[in-house]
Amino acid sequence: MEGELKPMDAEQLREYGHKMVDFIADYYKNIENFPVLSQVQPGYLRKLLPETAPTHSETLQDVLEDVQTKILPGVTHWQSPDYFAYFPSNSSVAGFLGEMLSAGINMVGFSWITSPAATELEMIVLDWLAKALKLPDEFLSTGQGGGVIQGTASEAVLVVILAARDKVLRRVGKDAISKLVVYCSDQTHSSLQKACQIGGIYPENFRVLKADPSRDYALSPDTLSEAVSHDMATGLIPFFFCATIGTTSSTAVDPLLELGKIAKVKSGESNSIWFHVDAAYAGSACICPEYRGYMNGVEEADSFNMNAHKWFLTNFDCSALWVKDRSALIQSLSTNPEYLKNKASQENLVVDYKDWQVPLGRRFRSLKLWMVLRLYGLEKLQAYIRNHIELAKLFEELVAQDKRFEIVTPRKFSLVCFRLLPPPSNEDYANKLNHDLLDSVNSTGKLFISHTLLSDRYILRFAVGAPLTEERHIVGAWKVLQDEAATLLSKC
Ligand SMILES: *Cc1c(COP(=O)(O)O)cnc(C)c1O
């Protein structure tokens, strides 16, 4: 690596780029050797790095050495085959290549004219994915709706809250914001609450309805119905409801059809409640015909979201959002300053995605989704999902065979919720026991799992979905869990 590094030089990019790809490929080759959950202490890095930026240039060699010795120890390896925490966040060769190409072209595609291909490819690829998911035609870009890539599910729900809020306020007058009510269940992702905070929804009008433990933590339609009726009777204005396919805690699936009908009927066809479906994780499974049933009722929805960056081999970030009425988004989020005016936009011939999202600037993220869809194809993607679900089934069977443990909610996709049973008649001890088990398992570095609370019970979550995970990793992880459990139980 001789000579000054220029800001941009094709030959230097080739040379350094090859080195970086080699470095990353070696990382993946050795990924099983790292502790999955980083074991560093808070503030570890400040002790290892200088206080100020270097005045003179350093070499890539020096930087890569620091990456190896100082950065990687502080990385939690989401791509490790022994990663089973939260939900997966896939990378893939295709996703990586798309990300690389996007970084290579490095355009900022806020309006169509700033890179027509970026806007048009995004529309086409999201239409492809909508068709793979069998979303109703109203979500396609050929009608009044369409898809857009957001950074995250959190941004997706934020923009639809804003669109729904402004749509209802145009009807009832903006002074009525204090009356607007949002509904979700106590299993809905916290990103909805954040969106409401940003969107100026009154905190006292944020209704967190209790999901039904006897329905495996899905929301009962009666619960929604009663809450909406009650609020309408007191003069409030129900305007937004979020259902989930695959909740974060336990992959519960809300009954979309019945819930969606309530949202429509209660408020009357013309001023209906905006119905958003969050399928951030489980949406990917719905490309398989045998799981598409979980989406039944999506016809009733106004918007639908799935994270291609979770379980769809698309490197972070890539969250696909579809709406039936794109004009609602645009009316909330568009601006038209002089310095951005151009013929195509003025004549309304094109989509300008800046008007569908919070920031102005946007990356060429459709490239990676396009490459994933093309380089794998739907058949391979379905097989990929099914394989993870089979591996999760295997784990579920292993747990079920061990009398010391219990499965807490039936597995639907690739997440298994389970716990270690406390010693007889000592339920009070169960939460601490499982908390301790989580800690001891994760501090082995051999695998990484996470937890949740369901009906005040501390539950362990084992989410299969990393691209490199094979049967041997499931079996190995279970062995570690059993060993750590035996140690803990012997101390009881
Ligand atoms: C992961 C997840 C989210 C949040 O995802 P981000 O893309 O990180 O904002 C929202 N909803 C559900 C159901 C999720 O599983």
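The following paragraphs lead the reader through the structure, from the whole chain to one sheet and then to the ligand.

This is a predicted model, in which local features need pLDDT of at least 70 and side-chain atom pairs count only at pLDDT 80 or more, while totals for chains, interfaces and linings use all residues. Residues are numbered from 1 along each chain as its sequence is written.

The protein chain contains 15 helices and eleven strands; helices (H or I, at least four residues) and strands (E, at least two) are DSSP runs, numbered from the N terminus. Its C-alpha trace spans about 70 × 60 × 45 Å along the principal axes. The radius of gyration of the protein chain is 24 Å, which agrees with the value near 23 Å for a compact globule of 492 residues; this radius is taken over C-alpha atoms, and the globule rule is 2.2 Å times the number of residues to the power 0.38. Of these 492 residues, 42% count as buried. A residue is buried if 20 or more other C-beta atoms, placed from the backbone, lie within 10 Å of its own.

Seven strands form an open sheet of mixed pairing, in the order S1-S7-S6-S5-S4-S2-S3. The edge strands, each paired on one side only, are S1 (146-150) and S3 (206-209). From one strand to the next, the twist averages 20°. Two strands pair if DSSP finds at least two bridges between them. Strands of a sheet pair through backbone hydrogen bonds, either parallel or antiparallel.

Strand S7 (residues 319-323) runs antiparallel to strand S6 (residues 303-307), to which five bridges join it. S1 and S7 also pair in the antiparallel sense, over five bridges. Alanine 320 in S7 stands opposite methionine 306 and opposite isoleucine 149. In a regular strand the side chains alternate between the two faces of the sheet. In S7, Ser319, Leu321 and Val323 point one way and Ala320 and Trp322 the other way, and all are buried.

Around the ligand there are 14 residues, of which the closest are Thr152, Ala153, Ser154, His189 and Ala280. A residue is near a molecule if its C-beta atom, placed from the backbone, lies within 6 Å of it. This shell divides into four nonpolar, nine polar and one charged residue. Here Ala, Val, Leu, Ile, Met, Phe, Trp, Tyr, Cys and Pro count as nonpolar, Asp, Glu, Lys and Arg as charged, and the others, Gly among them, as polar.

Methods. A residue is buried if 20 or more other C-beta atoms lie within 10 Å of its own, exposed if 12 or fewer, and partly exposed in between; C-beta atoms are placed from the backbone. Axes are lines fitted to C-alpha atoms, for helices over the stretch in contact, and angles run from 0 to 180 degrees between N-to-C directions.
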